[in-house]
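Colleague: I would like to learn how to read the packing of two helices in a model such as this one. Could you take me through a case, giving the general idea before the particulars?

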Amino acid sequence: MIRSAILEDIPYIVSLANKESMCLGFIPKPAYEAAITGIKTGKRWSTTCNDKLFVCEENGDLVGFVMFSFGRISKVNQICIQTDARLIERGRALLSAGISHANLRGIEDFACGCADDLSSNSFWRQMGWVKVGDRFGISHKNTWKETSKRKINIYRYQTNSLFTNDFGLILPKENTVIVV
């Protein structure tokens, strides 16, 4: 089952992100909180957060999450499924939730980055994402400069029908549980 994350999910998300930090990179806990509440804290030019977190639940236990940033081109910031629960279907369901959320807002263009040395590059290709380029990694100290020598593949995905999900269905209102 895929659902919108709630604040009570933060300890799990932070723990899983820390375990998989070499694959995911670093996102601070307040960013996850902002993706849930929609409100950024601290000294910022805006308090509005356009990020969204979804979690995957199996038998009442969390097994993964995805974090999207929604803009003109939406970005998959992180997607992670714990090792003992990895299945393409769970990853696909998490992506579908974020893509559907974006499509309901008229967003059809998506991007993500995946380190070249990770086996998850095959996941992106299996999901229909297209590699359009690469760049160097970005240090946790500066999110705007490519300071790492690690090669990051850039993938793009585009939907072709506004207000539809991957199956051509109009989705229910926000915060509705999507059962997979």
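Colleague: At what angle do the axes of helix α1 and helix α3 cross?

Modeller: Bear in mind that this is a predicted model. The angle is taken between the N-to-C directions of the two axes, and here the axes of α1 (residues 10-19) and α3 (residues 29-37) come within 10 Å and cross at roughly 135 degrees. Angles over 145 degrees would count as roughly antiparallel and 65 to 115 as roughly perpendicular, and α1 and α3 are therefore oblique to each other. As for handedness, α1 passes α3 in a right-handed crossing.

Colleague: Which residues of α1 meet which residues of α3?

Modeller: A general idea helps first: an α-helix has 3.6 residues a turn, so residues three or four places apart point the same way. In this structure I10, I13, V14 and A17 are the residues of α1 that meet α3, where their counterparts are K29, Y32, E33 and I36. By character, the residues of this contact divide into six nonpolar, two charged and no polar.

Colleague: Which residues of α1 are buried, and against what do they pack?

Modeller: The buried residues in α1 are I10, Y12, I13, V14, L16 and A17. Besides α3, the buried residues of α1 pack against α2 (21-24) and against the strands β2 (51-58), β3 (61-69) and β4 (73-81).

Colleague: Is E33, which lies in α3, buried or partly exposed?

Modeller: The cut-off for buried is under 20% relative accessible area, and E33, with 30%, is therefore partly exposed. Apart from neighbours within four places in sequence, E33 is in contact with L7 and I10. The C-alpha atoms of E33 and L7 are separated by 6.6 Å, although the two residues are 26 apart along the chain.

Colleague: Where is D9, and how accessible is it?

Modeller: D9 sits in the loop between β1 (2-4) and α1, and because its relative accessibility is 4%, D9 counts as buried. Beyond its neighbours within four places in sequence, D9 is in contact with R3, S4, V55 and L62.

Colleague: How many helices and strands does the protein have, and in what pattern do they follow the sequence?

Modeller: There are five helices and seven strands, and reading along the sequence gives β-α-α-α-β-β-β-α-β-α-β-β. Of the 180 residues, 42% count as buried. Among contacts between residues at least 6 apart in sequence, 60% join residues at least 24 apart.

Notes
Residues are numbered from 1 along each chain as its sequence is written. This is a predicted model: local features need pLDDT of at least 70, side-chain atom pairs count only at pLDDT 80 or more; totals for chains, interfaces and linings use all residues. Side-chain values use heavy atoms; hydrogens and water are left out. Axes are lines fitted to C-alpha atoms, for helices over the stretch in contact, and angles run from 0 to 180 degrees between N-to-C directions. Helices (H or I, at least four residues) and strands (E, at least two) are DSSP runs, numbered from the N terminus. Angles under 35 degrees count as roughly parallel, over 145 as roughly antiparallel, 65 to 115 as roughly perpendicular and the rest as oblique. A crossing is left-handed if the near helix is turned anticlockwise from the far one by less than a right angle, and right-handed if clockwise. Contact means heavy atoms within 4.5 Å. Ala, Val, Leu, Ile, Met, Phe, Trp, Tyr, Cys and Pro count as nonpolar, Asp, Glu, Lys and Arg as charged, and the others, Gly among them, as polar. Buried means under 20% relative accessible area, exposed over 50%, partly exposed in between (1.4 Å probe, protein chains only).
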